[in-house]
Amino acid sequence: MTEITQFMVVPCDYVDGEIVAGDPISCASPAEAIQRAQGLWKTFGHAGAVAFSRTSDFEIGMFNVRKVLRRFGHVPSEY
C-alpha cells in the first residue's frame, strides 16, 4: 500500500459578505498544521482557518480523502 498523507492549512476571509477559502499552505506534520491554522486566525486576523490532512493511495485509486484536524473561527461549510 502506497499511501501519501499531506497536511494542509486553508485560511478563510470574508469577501463581499461571504466566507471564501484562500490558498492552501502545506505543513510537515499535523501539529504544525493545527498551530499554523490557529496563528492565521488569531494572529493574522483571518475570519477563520482549517487544518486538515489529505490522503491518497495510488495503488487502489483513492485520491484526496480529507480529514479535518481542527477548525478555527469561520470556515466554509465544505470544510
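# A viewer tour, from cysteines to salt bridge

Search the whole structure for disulfides and you get 0, a disulfide being a pair of cysteine sulfur atoms within 2.5 Å. You are looking at a predicted model, in which local features need pLDDT of at least 70, side-chain atom pairs count only at pLDDT 80 or more, and totals for chains, interfaces and linings use all residues. Residues are numbered from 1 along each chain as its sequence is written, and side-chain values use heavy atoms, with hydrogens and water left out.

**Stop 1: the cysteines**

Select C12 and C27. Why is there no bond from C12 to the closest cysteine sulfur, in C27? Because the sulfur of C12 is 14 Å from that one, too far for a bond. Take C27 as the starting point and C12 holds the closest cysteine sulfur, at 14 Å. C12 is buried, with 0% relative accessible area, and C27 counts as buried at 10%. The cut-offs here: buried means under 20% relative accessible area, exposed over 50%, and partly exposed in between, with a 1.4 Å probe and protein chains only.

**Stop 2: the whole chain**

Now zoom out and switch to cartoon. The protein chain has 1 helix and 5 strands, in the order β-β-β-α-β-β from the N terminus. Helices (H or I, at least four residues) and strands (E, at least two) are DSSP runs, numbered from the N terminus. Along the principal axes, the C-alpha atoms fill a box of roughly 40 × 25 × 15 Å. Of the 79 residues, 30% count as buried. The chain exposes about 5000 Å², with carbon and sulfur atoms supplying 50% of that; accessible areas come from the Shrake-Rupley method with a 1.4 Å probe, and for residues only the protein chains shown count as cover. For the contact map fans: among contacts between residues at least 6 apart in sequence, 53% join residues at least 24 apart, where contact means heavy atoms within 4.5 Å.

**Stop 3: the nonpolar cores**

Which residues make up the largest nonpolar core? Select F7, V9, C27, A33, A37, L40, A49, A51 and F72, 9 residues in all. A nonpolar core is a set of buried Ala, Val, Leu, Ile, Met, Phe, Trp, Tyr and Cys residues joined through side-chain atoms within 4.5 Å. Colour by element and you will see that β1, α1 (30-42) and β4 (48-57) each supply at least two residues of this core. The largest share, 3 residues, comes from α1. Apart from this core lies another, of 7 residues, including C12, V50, V75 and Y79.

Go back to C27 and show its surroundings. Leaving aside neighbours within four places in sequence, C27 is in contact with F7, V9, E32, A33 and R36.

**Stop 4: Y79**

Pick Y79 next, in the segment after β5 (62-73). Is Y79 buried or exposed? At 12% relative accessibility, Y79 counts as buried. Not counting residues up to four places away in sequence, Y79 touches V10, A21, V50, F52, R66, V68 and R71. For a distance label, try A31: Y79 and A31 are 48 residues apart in sequence and 18 Å apart in space, C-alpha to C-alpha.

**Stop 5: H46**

Move to the loop between α1 and β4, where you will find H46. H46 counts as partly exposed, at 21% relative accessibility. With residues up to four places away in sequence not counted, H46 touches P11, C12, D13, L40 and W41. Draw another label from H46 to D57: they are 11 residues apart in sequence and 33 Å apart in space, C-alpha to C-alpha.

**Stop 6: the salt bridge**

Side chains of opposite charge can pair when their charged atoms come close. How many salt bridges does a search of the whole structure find? The count is 1, a salt bridge being a side-chain nitrogen of Lys or Arg within 4 Å of a carboxyl oxygen of Asp or Glu. Select E32 and R36, whose closest N and O atoms are 3.8 Å apart. E32 and R36 are 4 residues apart in helix α1, so about one helical turn separates them. E32 is partly exposed at 27% relative accessible area, and R36 is partly exposed too, at 36%.

**Last stop: a surface patch**

Finish with I4, F58 and F63 in surface view. These three form a nonpolar patch with about 310 Å² of accessible area together. Patches are made of residues with over 30% relative accessible area and no salt bridge: like charges are joined within 9 Å, nonpolar side chains (Val, Leu, Ile, Met, Phe, Trp, Tyr) within 5 Å. I4 sits in strand β1 (residues 3-15) and counts as partly exposed, at 40% relative accessibility.
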